[in-house]
Amino acid sequence: ADFPAAVAAILQLAPAGRVLLICHVSPDGDALGSMLGFGLGLRRLGVSQVQATFPGPFEIPEPFAELPGLDLLVGEEQAEPRPDLVIVFDVAAESRLGALADRLPRARATVSLDHHASHTGFAGVNLVDPGAAATAVVAEELLNRLDVPLDVEIAECLYVALATDTGSFRFDMTTPRVHEMAARLIATGLRPGDISRRVFDSRPFGAMKLSADVLGRAQLDPTAAGGHGMVWTYATLEDLERHGQRPYVLDALIDPVRCVAEVDVSVVVKQLAEREWAVSLRSKGAVDVSAVAVALGGGGHRLAAGFTGYGAPGEVVTAVRDELPRHLIG
Ligand code: 5GP
Ligand code: MN
Ligand code: MN
């Protein structure tokens, strides 16, 4: 990864220029945490004109509503139209930038921090480490090379990013490096218990009732994926409305679904519009769901991926089911 080029571009353009930070649509903990943590770091460097944004509805999921650095955030309509420097977080392809993709060709320099193997190299400088557990790992390294010391606010942002993308330090990419980074972050004085309660263990009563409905209609398909099996369910806009919940609460549903012991693949189909669905895919190791997602127009990691599907939920699931046997991991 070309850290010296990124450092040079930032030191040249950021102090006097307009800096725009962008993360992916429907931001998760890594997207928001790495972006806001880095944005706070730029402020510590004395950069005064820095905005952070993401495409689509300007909604901060409740679990992230107390992240430090939220005052850096603006909706896409308020985002600087002609930034000098654009830095992109947790985005593998320009399609995940929506309408904000037009800021990249206008900027004097663009830098992408990411950890998806499928990264397309769309920026001028691409800091992509597919071995990193989160984009926050790359962000910490870049802050370090910019001589920005960690403080408790930056650390909290990066910690949320690291904890969410590693499934609370449970997934395979939870390497010694990850725990060493977590140790540096915790050493700034942040309180992991408070953060975990806010981010993972807190949800409205209506969201619990909504989960009950959505999990209650899950279906087991033991012969899918060459016999490795699949479990799937779906959630509609009507479900959200009935329980008075916002769409991001559906993002947590893949977690109980992927715990089903009988099968390898789990699928949650979440309605976005009339015949449009955000699909979350997870595998325990038998299927490369990133390849499945790419075949269906999306992307992601080998064991966690997603795409946008069209039609009825059953049709979306059938498209996934048909694709699975082609992407078994040898
Ligand atoms: P999730 O299921 O948590 O929304 O997403 C899991 C992973 O799949 C994320 O790391 C993200 O990179 C990827 N992903 C999810 N949805 C999409 C999509 O619509 N397009 C692409 N390219 N990647 C996606
Ligand atoms: Mn992400
Ligand atoms: Mn990530």
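**Reading the predicted model**

Mentor: In this predicted model, 47% of the 330 residues of the protein count as buried.

Trainee: What makes a residue count as buried?

Mentor: A residue is buried if 20 or more other C-beta atoms lie within 10 Å of its own. Of the 330 residues, 47% satisfy that condition.

Trainee: Why is the protein called as compact as a globular protein of its length?

Mentor: The globule rule gives 20 Å for 330 residues, and the radius of gyration of the protein is 20 Å, so the protein is as compact as a globular protein of that length. Its C-alpha atoms fill a box of roughly 55 × 40 × 40 Å along the principal axes, and its secondary structure comes to 12 helices and 11 strands.

Trainee: How do you know that domain 1 and domain 2 touch?

Mentor: Contact requires C-beta atoms within 7 Å. Six residues of domain 1 are in contact with six residues of domain 2. On the domain 1 side, these are three nonpolar, two polar and one charged residues. Domain 1 covers 3–199 and domain 2 covers 205–327; their C-alpha centres lie 27 Å apart.

Trainee: Which residues come nearest to ligand 1, and what does each domain give to the shell around it?

Mentor: Ser280, Gly298, Gly299, Gly300 and Gly306 come nearest, out of 15 residues around ligand 1. Each domain supplies at least three residues of the shell. Strand β11 gives the largest share, five residues. By class, the shell holds six nonpolar, eight polar and one charged residues; Gly counts as polar here.

How values were computed:
Residues are numbered from 1 along each chain as its sequence is written. Chains are lettered from A and ligands numbered from 1 in the order in which they are written. This is a predicted model: local features need pLDDT of at least 70, side-chain atom pairs count only at pLDDT 80 or more; totals for chains, interfaces and linings use all residues. Domain bounds come from an automatic or database domain assignment. Two residues are in contact if their C-beta atoms, placed from the backbone, lie within 7 Å. A residue is near a molecule or strand if its C-beta atom, placed from the backbone, lies within 6 Å of it. Helices (H or I, at least four residues) and strands (E, at least two) are DSSP runs, numbered from the N terminus. The radius of gyration is taken over C-alpha atoms; the globule rule is 2.2 Å times the number of residues to the power 0.38. A residue is buried if 20 or more other C-beta atoms lie within 10 Å of its own, exposed if 12 or fewer, and partly exposed in between; C-beta atoms are placed from the backbone.
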